[in-house]
Amino acid sequence: MKYKSYSLIAAISLFAACSGNQKPVDLTTQPKKAAAKYQIGDVTEKALSSSARLPGQLVPFNEVNLFPKVNGFVKEILVDRGTMVKKGQLLVTLEAPEMATQLEAANSRYLQAKESAQASAEKYDRLKEAAKEPGSVSPLDLDNASAKMKADQALAQSELSNVGSVKTMQDYLRIYAPFDGMIVQRNVSPGALVAPGKATDQPMLILQDIHKMRLTVFIPENYVDKVDLNQPVSFTFNAIPGQAQTAKISRSANALGSMRSEAIEIDVPNNNGQLKPGMYAEVKIPMLSGSKSLQVPNNAIIRSTEREYVITVRQGKANLVDIKEGLAGNDSTEVFGDLNANDKVLLHASDEIKQGDDVQ
């Protein structure tokens, strides 16, 4: 009887468990995740502005690092930082006592060779005069004397050239200014040992010609064929606001540098000395009329450490397109990439969106 009561209780418990509120879930009937909704913008094609604003920097028209040509000690420095110098002005004198000894030795060898050449010439003249008497001098002796005279004369000429070479080396002990300018750096003092050919050493002096300056501007690769080289440019220096100047483009590199840009230069007179090398300027570069470019809203560009891209929408799918930025405006930025006018791009997108994601 007791056994039957236990069985009844177990049956009631099992029925209660099966008749609870929880029901099995049919996963196949669950709705699919809706496509994310984003704001959509357009890729537009607009004519470029008549000019582009790019940064420029002033550099000296000429600049030279002055190194010694021979080993020596600095004897005297006649200029210092800030000194204005003229072309041909003496700047530094060096001393090298061994050069005086070399010059004396070279002079001695030349004098010896000269005396030998004179003696050979006199001997040849005597034999030649004596040879006028038939049988007095053999032709072989006369030929030998002529050869000896020519050899001694050549040796004397060689020793004379050696003397000139030593004198030229002595001239290198005096450093002159190669052009008008200003000394902007001095790195040696009297008594310092200097030597040529040491790439790791600093130059003795740095000379810059600042009477006229070069305003250097680097044109991005995408604009090199759109710059109007015949129109004047205007520029304003950051250190001298409010004073706009105009000038023609003086020269262009006609080649792209390591930064994928072309350097152009504008010659700027510096008559009053107000301009300094290294000054930055905002330069307004004229563009050829009729040039157009693709532009996207500023908030459509996604930037990461690896790439810059926009996300276009094609048939409801996200498509990541790498771009390069051009000129930026208040609302839109010029871009270069696999884009076409009227393409749809996502606004305020993030790098969480992947290629092929559903978007609306």
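In this predicted model, Lys 212 lies over the face of Phe 61, at 4.4 Å from the ring centre. Arg 214 also lies over the face of Phe 61, with a distance of 4.2 Å to the ring centre.

The ring that these two residues share belongs to strand E3, which covers residues 51-66. Phe 61 has a relative accessibility of 19% and therefore counts as buried, because the cut-off for a buried residue is under 20%. Leaving aside residues up to four places away in sequence, Phe 61 touches Asp 209, Lys 212, Met 213, Arg 214, Arg 251 and Asp 267. Phe 61 can also be compared with a residue far along the chain: Pro 277 is 216 residues apart from Phe 61 in sequence, while the two are 9.4 Å apart in space, C-alpha to C-alpha.

Other phenylalanine residues form a pair of rings. The structure holds one aromatic pair. Its members are Phe 235 and Phe 237, whose arrangement is edge-to-face, with 5.7 Å from centre to centre and 75° between the planes. The pair counts as edge-to-face because the angle of 75° is over 60 degrees. Phe 235 is buried, with a relative accessible area of 2%, and Phe 237 is likewise buried, at 1% relative accessibility.

The final residue to consider is Asp 152, located in helix H3, which spans residues 139-171. At 10% relative accessibility, Asp 152 counts as buried. When residues up to four places away in sequence are not counted, Asp 152 touches Ala 113, Ser 116, Ala 117 and Ser 120.

Methods. Residues numbered from 1 in each chain as written. Predicted model: local features only at pLDDT ≥ 70, side-chain atom pairs only at ≥ 80, totals over all residues. Heavy atoms only, no water. Helix = DSSP H or I, 4+ residues; strand = E, 2+ residues; numbered from the N terminus. Buried < 20%, exposed > 50% of the residue type's maximum accessible area, 1.4 Å probe, protein only. Contact = heavy atoms within 4.5 Å. Phe/Tyr/Trp six-rings, centres within 6.5 Å; stacked < 30°, edge-to-face > 60°. Lys NZ or Arg CZ within 6 Å of the ring centre and 35° of its normal.
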